[in-house]
Amino acid sequence: MDFFEVALTQRSIRRFKPDPVPDEVLWKVLDTAIRAPSSGNSQPWIWLVVRDAGKRQAIGQEVLRRMEASGGLERMRQLAAREQDPSNRRIWTSAANFRTDMAQAPVFIIPCLYTPGVPAANQRTLNGGSSIFGAVQNLMLAARAEGLGTSLTGANDDILRAELHLPEDAVPTCLIPLGYPDGERFGPTTRKPIDTVTYWDDWGAAKKQG
Ligand SMILES: Cc1cc2nc3c(=O)[nH]c(=O)nc-3n(C[C@H](O)[C@H](O)[C@H](O)COP(=O)(O)O)c2cc1C
């Protein structure tokens with residue numbers, strides 16, 4: 001598949017078939033992720049791949065319990081109901097639905113910032129983040145090229161720490177469910193037009209695309 005087709009159709013997928021993802025495909029996707037640049041080629045990461053159904057369920061149930069307790073799930077549903085734009089409505093609806101059954105994704109990938117000996121608090125910087133998010137995007141693009149859906153989602157640190165035995169100096173940056181899409185299609189994505197978010201030569205100097 002052409003690079004631009006991959007990049008322009010990669011979007012959040014949150015409903016997955018139960019089909020397992022072969023090891024060689026997972027290795028290929030992960031090996032593409034780690035080709036990304038990082039500050040000083042520090043490669044400050046560990047990629048936690050969770051296939052164990054019991055662990056996925058335990059994480060999913062605890063995330064859901066907290067979202068229900070905090071009213072977060074209800075807020076997502078209200079946003080979906082209020083949203084006029086059909087594409088944004090789809091996003092909120094599917095985000096809420098995903099939270100009710102996260103473990104349907106056959107794989108969770110948790111990219112962790114990890115620089116041994118450096119406390120987690122010191123890694124939670126913009127610099128730390130910018131050293132892993134290129135790799136995270138590589139991972140999602142490689143997955144798309146393999147016909148796999150992903151979605152970058154937030155996850156509670158302490159839940160992941162407890163379930164997956166993360167050391168103190170590892171920082172889980174997000175939780176990416178991964179699997180073959182079930183009923184959801186890849187792109188196109190909905191974004192602001194490029195000429196409304198671009199300035200040329202000077203701040204504020206917009207020009208029309210063409
Ligand atoms: C930093 C970040 C956090 C996100 N957190 C969540 C999340 O917690 N749950 C979720 O379902 N999607 C999450 N997303 C996905 C966005 O909702 C999604 O990328 C955006 O709405 C655009 O939709 P698209 O990817 O389908 O084009 C997150 C994306 C980013 C970059």
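This is a tour of a predicted model, going from the whole chain to its strands and then to the ligand.

**Whole chain**

Start with the protein chain as a cartoon. The chain has nine helices and five strands. Followed along the sequence, these elements come in the order α-α-β-α-α-α-β-α-α-α-β-α-β-β. Show the C-alpha trace: along its principal axes the trace spans about 50 × 45 × 35 Å. The radius of gyration of the protein chain is 18 Å, which agrees with the value near 17 Å for a compact globule of 210 residues. If you colour by accessibility, buried residues make up 41% of the 210 residues.

**Strand β2**

Select residues 107-114, which form strand β2. How many of the eight residues of β2 are buried? Seven of them are, and the strand is mostly covered.

Within β2, pick phenylalanine 108. Its relative accessibility is 0%, so phenylalanine 108 counts as buried; the cut-off for buried is under 20%. Now add arginine 56 and draw a distance between the two C-alpha atoms. Phenylalanine 108 and arginine 56 are 52 residues apart along the chain, yet their C-alpha atoms are separated by 7.3 Å.

**Partners of β2**

Keep β2 selected and add its partners in turn.

- Residues 45-50 are strand β1, which pairs with β2 in the antiparallel sense over six bridges. To see the register, select isoleucine 46 of this pairing, which stands opposite cysteine 112 in β2.
- Residues 170-172 are strand β4, which runs antiparallel to β2 and is joined to β2 by three bridges. Here tyrosine 114 stands opposite alanine 170 in β4.
- Strand β5 also pairs with β2 in the antiparallel sense, over three bridges. Valine 107 stands opposite leucine 178 in β5.

**Strand β5**

Move to residues 176-179, which make up strand β5. Show the residues on each face. Ile176 and Leu178 lie on one side, and Pro177 and Gly179 lie on the other. Are these residues buried or exposed? All four are buried, and both faces of β5 are covered.

Next, add residues 149-150, which are strand β3. β3 and β5 pair in the antiparallel sense over two bridges. In this pairing, glycine 149 stands opposite glycine 179 in β5.

**The ligand**

Select the ligand and display the residues around it. The shell holds 13 residues, and the closest are Ser12, Arg14, Leu152, Gly154 and Arg191. Colour the shell by residue class: three residues are nonpolar, five are polar and five are charged.

Which polar atoms of the protein come within reach of a distance label? Take three in turn.

- Leucine 152: a polar backbone atom of this residue is 2.7 Å from a nitrogen atom of the ligand.
- Arginine 99: an N or O atom in the side chain of this residue is 3.1 Å from an oxygen atom of the ligand.
- Arginine 90: the side chain of this residue has an N or O atom 3.5 Å from an oxygen atom of the ligand.

Finish with a surface on the ligand. Taken alone, the ligand exposes 630 Å². The protein buries 62% of that area.

Notes: Residues are numbered from 1 along each chain as its sequence is written. This is a predicted model: local features need pLDDT of at least 70, side-chain atom pairs count only at pLDDT 80 or more; totals for chains, interfaces and linings use all residues. Side-chain values use heavy atoms; hydrogens and water are left out. A residue is near a molecule or strand if one of its heavy atoms lies within 4 Å of it. A polar contact is a pair of N or O atoms within 3.5 Å; within protein, one must be able to donate a hydrogen and the other to accept it, and residues adjacent in sequence count only if both atoms are side-chain atoms. Accessible areas come from the Shrake-Rupley method with a 1.4 Å probe; for residues, only the protein chains shown count as cover. Ala, Val, Leu, Ile, Met, Phe, Trp, Tyr, Cys and Pro count as nonpolar, Asp, Glu, Lys and Arg as charged, and the others, Gly among them, as polar. Buried means under 20% relative accessible area, exposed over 50%, partly exposed in between (1.4 Å probe, protein chains only). Two strands pair if DSSP finds at least two bridges between them. The radius of gyration is taken over C-alpha atoms; the globule rule is 2.2 Å times the number of residues to the power 0.38.
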